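Trainee: Could you take me through the terms used for this protein, so that I can see how each label is earned?
Mentor: Gladly; let us set each value beside its cut-off.

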Amino acid sequence: MIEHHVQTSRPRAASPLDALPLPVLELDAEGVAWTVNEAFLRLTALRVDEALGMGWWAAVPPDSRSALAAALAAGRAVDLPIRLLRSDGVKAWADLQLSPSSGRGRLLATIHDVTASRVRELAALAESERLRLMASNVPVAIAYYESVGNTCLYANRRYAETFGL
């Protein structure tokens, strides 16, 4: 773990937080990073001197900043989906968990990189939309009914025209 107030050129002792595979930051209510672990530096591709203080905010895009700032100001435990912008240009999605740290009025932030699952989710949504678009435009009546209750869940244009829906 790297302390904000310690010069980064000075050798530091290994911290138990550095052994964690999850990125971890210790933040105050204003969003100042007092400590970051090695996993955070790998995820964001920031250097220590870039990440400490307010520098870590460079990895948080504008559309995620207001919700994160509000969560920090509240000073309580919260789970928050955020986007991350890596300094190497890669866009990432993450789940950030804030929890009060013992003493000093700080919060411990752990970040779970969910980029791979989010990319798969977006690909599945795109494929679903592509199939829906194809089904809507074929010259054959297509409908999908719920097995219980016989409720129509989907009907394409041709089905609607054929049956007057």
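Mentor: Before we start, helices and strands are DSSP runs, with at least four residues for a helix and at least two for a strand, and they are numbered from the N terminus. With that in hand, we can say that Val138 lies in the loop between helix H4 (115-137) and strand S7 (143-145). Please keep in mind that this is a predicted model.

Trainee: Why is Val138 called partly exposed?
Mentor: Its relative accessibility is 31%, and partly exposed covers what falls between the buried limit of under 20% and the exposed limit of over 50%, so Val138 counts as partly exposed.

Trainee: What makes Val138, Val140 and Ile142 a patch?
Mentor: Nonpolar side chains are joined within 5 Å when their residues have over 30% relative accessible area and no salt bridge. Val138, Val140 and Ile142 form such a nonpolar patch on the surface, and together they have about 200 Å² of accessible area.

Trainee: How do you know whether Arg106 is buried or exposed?
Mentor: The relative accessible area of Arg106 is 13%, and buried means under 20%, so Arg106 is buried. Arg106 sits in the loop between S5 and S6, and, leaving aside neighbours within four places in sequence, Arg106 is in contact with residues including Glu26, Asp28 and Trp34.

Trainee: What makes the pairing of Glu129 and Arg132 a salt bridge?
Mentor: The closest N and O atoms of Glu129 and Arg132 are 2.7 Å apart, and the cut-off is 4 Å between a side-chain nitrogen of Lys or Arg and a carboxyl oxygen of Asp or Glu, so the pair qualifies as a salt bridge. Because Glu129 and Arg132 are three residues apart in helix H4, about one helical turn separates them.

Trainee: How do you know that Glu121 and Arg118 also form a salt bridge?
Mentor: Their closest N and O atoms are 3.0 Å apart, which we again set against the limit of 4 Å. Glu121, at 41% relative accessibility, counts as partly exposed, and Arg118, with a relative accessible area of 27%, is partly exposed too.

Trainee: Which residues touch the most other members of the largest nonpolar core?
Mentor: Of the 27 residues in that core, Leu25, Phe40, Trp56 and Leu84 do so. Several elements each supply at least two residues, among them helix H3 (62-74) and strand S4 (78-85), while S5 gives the most, with four residues.

Key. Residues are numbered from 1 along each chain as its sequence is written. This is a predicted model: local features need pLDDT of at least 70, side-chain atom pairs count only at pLDDT 80 or more; totals for chains, interfaces and linings use all residues. Side-chain values use heavy atoms; hydrogens and water are left out. A nonpolar core is a set of buried Ala, Val, Leu, Ile, Met, Phe, Trp, Tyr and Cys residues joined through side-chain atoms within 4.5 Å. Buried means under 20% relative accessible area, exposed over 50%, partly exposed in between (1.4 Å probe, protein chains only). Contact means heavy atoms within 4.5 Å. Patches are made of residues with over 30% relative accessible area and no salt bridge: like charges are joined within 9 Å, nonpolar side chains (Val, Leu, Ile, Met, Phe, Trp, Tyr) within 5 Å. Accessible areas come from the Shrake-Rupley method with a 1.4 Å probe; for residues, only the protein chains shown count as cover.
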